[in-house]
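New to this one? Let's take a relaxed look around, one topic at a time.

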Amino acid sequence: VQEQSLTISLVRHPPATIRQLRKRAEDDLPSMTAALKASGHLAATLELEMETNRVPVRVTFRVHKGPLYKIGDFRVNYAASSEDVPPIPSQLGWNSRSAASVEQVEAAEETALHFLQTHGFLKPKILKRDVIREDIHKRVDVVCTVDPGASATLGIASLHGLVRLQPEVVRNRVSWAPGNRYDIEELKTVEKELLRSGLFSIARTTVLDEPDGEGNLPVRVDLV
């Protein structure tokens, strides 16, 4: 909360007048309140007090955090229905004791996107987030709408950067066959295996946008 306050960060550089100081402090209130709400204290409020009849002037922010709201339910809906899209797991790293913080919600969203990226979908994205606040039980229900995007299958690996090594040294470590569904973790595993071999300082895979004649997306493998 303090990091959001210019009044605090510039305490050794006060403005020229009391009026300017009050304006600076008042401008701090929305961002400081937002920081509290982002951590799950959705009913938080702040009060500003200024003692101008003393030297130096004293500025006091009185923080009323209020109760910590918890995540009650977290659901993911698809923007378009398709038989190819797998259902998102009900558990995405949160539980009923998780604070209703922006950090927790974003982490759950990232887990949902990563799940799709391991099940054939190259570029899923969050379209919108609906937050329903329930004050009686101090909980928040979150509904995310996700566009899974088009499903993708991997094509051949094109190798770039080899100087002395034969291509077979790399191809023997490529685990996918043309036509396999896209799985971001499989690509990461290949990169790690190539680096672990001790033959490369850089091993990076990139899925290309233009499909081949079979409808598969070629994978560029850059090596140093």
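What follows is a short tour of the cores, the main pocket and some salt bridges.

## Before we start

Keep in mind that this is a predicted model.

## The nonpolar cores

Let's begin with the inside. The largest nonpolar core brings together 21 residues, and the ones touching the most other members are Phe74, Val76, Ile88, Leu92 and Leu116. Three elements each give two or more residues to this core: β3 (70-78), α3 (102-117) and β5 (139-147). Of these, α3 is the top contributor, with 6 residues.

Ile88 is a handy place to zoom in. If you skip its neighbours within four places in sequence, Ile88 is in contact with Val76, Tyr78, Ala112, Phe115 and Leu116. There's also a second core, separate from the one above, made of 20 residues. Among its members are Trp176, Tyr182, Leu194 and Val221.

## The largest pocket

Next up, the open space. The largest pocket holds about 320 Å³. It is lined by 16 residues, and Thr7, Val11, Leu21, Val57 and Val59 are the closest to its centre. The elements giving two or more residues to that lining are α1 (6-9), α2 (18-38) and β2 (58-64).

What kinds of residues make up the lining of the largest pocket? The split is 12 nonpolar, 2 polar and 2 charged.

## Salt bridges

How many salt bridges does a search of the whole structure find? The count is 12, and three of them are worth a visit here.

In one, the side chains of Asp73 and Arg75 meet, with 3.0 Å from N to O. Both ends are partly exposed: Asp73 has a relative accessibility of 25%, and Arg75 has 39%.

Another pairs Arg133 with Asp135, whose closest N and O atoms are 2.6 Å apart. Arg133 is partly exposed at 41% relative accessibility, and Asp135 is partly exposed too, at 39%.

The last stop is the pair Arg139 and Asp141, where the closest N and O atoms lie 2.6 Å apart. Is Asp141 buried or exposed? Its relative accessibility is 16%, so Asp141 counts as buried, the cut-off being under 20%. Its partner Arg139, with a relative accessible area of 30%, is partly exposed.

Note on methods:
Residues are numbered from 1 along each chain as its sequence is written. This is a predicted model: local features need pLDDT of at least 70, side-chain atom pairs count only at pLDDT 80 or more; totals for chains, interfaces and linings use all residues. Side-chain values use heavy atoms; hydrogens and water are left out. A salt bridge is a side-chain nitrogen of Lys or Arg within 4 Å of a carboxyl oxygen of Asp or Glu. Buried means under 20% relative accessible area, exposed over 50%, partly exposed in between (1.4 Å probe, protein chains only). On a 1 Å grid over the protein atoms alone, a cavity is a set of points where a 1.4 Å probe fits but cannot get out, and a pocket is an open set with protein on both sides within 12 Å along at least five of seven lines; lining residues have an atom within 4 Å of a point. Grid points are joined across faces, edges and corners, and a volume is the space filled by probe spheres set on the points. Helices (H or I, at least four residues) and strands (E, at least two) are DSSP runs, numbered from the N terminus. Ala, Val, Leu, Ile, Met, Phe, Trp, Tyr, Cys and Pro count as nonpolar, Asp, Glu, Lys and Arg as charged, and the others, Gly among them, as polar. A nonpolar core is a set of buried Ala, Val, Leu, Ile, Met, Phe, Trp, Tyr and Cys residues joined through side-chain atoms within 4.5 Å. Contact means heavy atoms within 4.5 Å.
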